[in-house]
Amino acid sequence: MGSIDATELGSEKKPNPGKATILAIGKAFPHQLVMQEYLVDGYFKTTNCDDPELKQKLTRLCKTTTVKTRYVVMSEEILTKYPELAIEGGSTVKQRLDICNDAVTEMAVEASRSCIKNWGRSVSDITHLVYVSSSEARLPGGDLFLAKGLGLSPETHRVLLYFVGCSGGVAGLRVAKDIAENNPGSRVLLATSETTIIGFKPPSKDRPYDLVGVALFGDGAGAMIIGSDPDPVSEKPLFELHTAIQNFLPDTEKTIDGRLTESGINFTLSRELPQIIEDNVESFCEKLLGKAGLAHKDYNQMFWAVHPGGPAILNRMEKRLNLSPEKLSPSRRSLMDYGNASSNSIVYVLEYMLEESRKARKMNEGENEWGLILAFGPGVTFEGIVARNLDV
């Protein structure tokens with residue numbers, strides 16, 4: 001492969017006029033920290049299950065996910081108040097939504113406040129809000145409750161993305177990019193917030209795949225400020241969002257399947273998902289780079305901010321694209337520290353990306369200015385953004 005010619009798109013670490021940039025990042029988590037090594041005993045104790053076969057299966061899964069720690073809303077206090085959540089087949093969607101709606105708002109407010117503090121400007125400067133969650137359902141939506149919690153102006157323009165799944169964070173970035181570039185002077189707050197309580201269930205031989213979620217998914221929130229033409233005095237751009245596309249793969253809608261039922265969300269992932277992503281990721285990246293005007297590419301001369309759906313997906317991507325092991329390090333670190341946190345994960349990956357870039361710069365090691373932000377979700381849907389690292 002040829003190398004990226006930075007002159008095609010601009011080589012100085014200055015934002016291109018009119019292009020959206022990420023100006024700040026923030027995150028938040030519930031207080032309950034779960035160590036993966038203690039998860040199995042705790043989960044089976046709280047659900048009053050003593051099935052040795054299922055326990056052994058979850059033990060194996062906990063090792064293969066590479067997750068070490070996660071944050072969760074679920075607690076002993078919640079199960080004491082709502083013991084029906086640990087009983088098979090009960091009608092508990094109301095209780096779950098009561099918990100989830102409050103929890104995601106609280107985390108989203110905290111992450112957004114952290115982001116706004118890092119940004120350094122007033123909350124009154126936010127003109128638009130994009131809110132992403134697959135963990136709540138209500139009217140009005142969580143976007144309004146977040147706006148109220150932050151004290152946003154009633155004139156703030158809001159966009160709500162519900163049940164977009166793991167691609168939601170990058171989808172939100174794509175929407176925020178469009179808003180920022182088509183509304184000069186606007187500043188868009190993108191907030192994501194997720195909790196697994198909506199799908200929490202006791203172990204069951206009839207649903208062995210539920211254990212994958214128990215071993216893999218985590219809770220939390222993320223936030224970013226997006227705007228074009230940053231003020232050189234009061235704002236510090238982190239990434240430029242140069243080009244964004246979305247594609248879905250026909251006839252794959254059953255591969256990632258979630259249904260809201262009386263007992264919460266029933267969620268299944270096909271075993272074929274990693275293979276489907278492996279088979280299609282290269283052509284998607286080529287299409288994305290072509291859309292950005294890059295005639296040549298060397299994937300190892302780019303940075304990669306990839307949603308960590310699971311180790312199998314990352315491993316297959318690395319193999320198919322012939323990536324050096326360090327290229328997916330931010331994604332693997334995010335998975336290890338927070339699990340698959342659905343739409344939030346891309347926020348955590350980008351934060352690790354900045355950390356590793358700054359470390360490389362300090363050590364006088366090479367760093368990559370251009371890269372790809374990728375996520376995969378229900379559909380199967382591919383979301384991708386060609387981005388520039390502007391952090392100096």
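This briefing covers a pocket, a surface patch and several salt bridges. The model is a predicted one. In total, 25 salt bridges are counted in it. Glu 356 appears under two topics below, since Glu 356 is among the residues nearest the centre of the second largest pocket and also forms a salt bridge with Arg 333.

**The second largest pocket**

- The space in the second largest pocket comes to about 380 Å³.
- Its lining is made up of 16 residues. Those nearest the centre of this pocket are Glu 326, Glu 356, Ala 360, Gly 366 and Asn 368.
- Three elements each contribute at least two lining residues: strand β11 (303-306), helix α10 (329-338) and helix α11 (345-362).
- Helix α11 contributes the most, with 4 residues.
- Sorted by class, the lining holds 6 nonpolar, 5 polar and 5 charged residues.

**Salt bridges between helices α8 and α9**

- Side chains of opposite charge can pair when their charged atoms come close.
- Arg 316 and Glu 278 form a salt bridge in which the closest N and O atoms are 2.7 Å apart. Arg 316 belongs to helix α9 (residues 311-320) and Glu 278 to helix α8 (residues 273-292), so this pair ties together parts that are 38 residues apart in sequence.
- Glu 278 also meets Arg 320 in a salt bridge, at 3.6 Å from N to O. This pair links distant parts of the chain, with Arg 320 in helix α9 and Glu 278 in helix α8, 42 residues apart.
- Glu 278 has a relative accessible area of 10% and therefore counts as buried, the cut-off being under 20%.
- Arg 316 is partly exposed at 29% relative accessibility, and Arg 320 is partly exposed at 31%.

**The salt bridge between helices α10 and α11**

- Glu 356 pairs with Arg 333 in a salt bridge whose closest N and O atoms lie 3.2 Å apart. Glu 356 is in helix α11 and Arg 333 in helix α10, so the pair ties together parts 23 residues apart in sequence.
- Both partners are partly exposed: Glu 356 has a relative accessible area of 24%, and Arg 333 has 22% relative accessibility.

**A salt-bridge network**

- Arg 121, Asp 125, Arg 187 and Glu 235 are joined into one network by salt bridges that share partners.

**A nonpolar surface patch**

- Leu 33, Met 35 and Tyr 38 make a nonpolar patch of about 310 Å² on the surface.
- Met 35 is located in strand β2 (residues 32-35). Its relative accessibility is 33%, so Met 35 counts as partly exposed.

Conventions:
Residues are numbered from 1 along each chain as its sequence is written. This is a predicted model: local features need pLDDT of at least 70, side-chain atom pairs count only at pLDDT 80 or more; totals for chains, interfaces and linings use all residues. Side-chain values use heavy atoms; hydrogens and water are left out. On a 1 Å grid over the protein atoms alone, a cavity is a set of points where a 1.4 Å probe fits but cannot get out, and a pocket is an open set with protein on both sides within 12 Å along at least five of seven lines; lining residues have an atom within 4 Å of a point. Grid points are joined across faces, edges and corners, and a volume is the space filled by probe spheres set on the points. Ala, Val, Leu, Ile, Met, Phe, Trp, Tyr, Cys and Pro count as nonpolar, Asp, Glu, Lys and Arg as charged, and the others, Gly among them, as polar. Patches are made of residues with over 30% relative accessible area and no salt bridge: like charges are joined within 9 Å, nonpolar side chains (Val, Leu, Ile, Met, Phe, Trp, Tyr) within 5 Å. Accessible areas come from the Shrake-Rupley method with a 1.4 Å probe; for residues, only the protein chains shown count as cover. A salt bridge is a side-chain nitrogen of Lys or Arg within 4 Å of a carboxyl oxygen of Asp or Glu. Buried means under 20% relative accessible area, exposed over 50%, partly exposed in between (1.4 Å probe, protein chains only).
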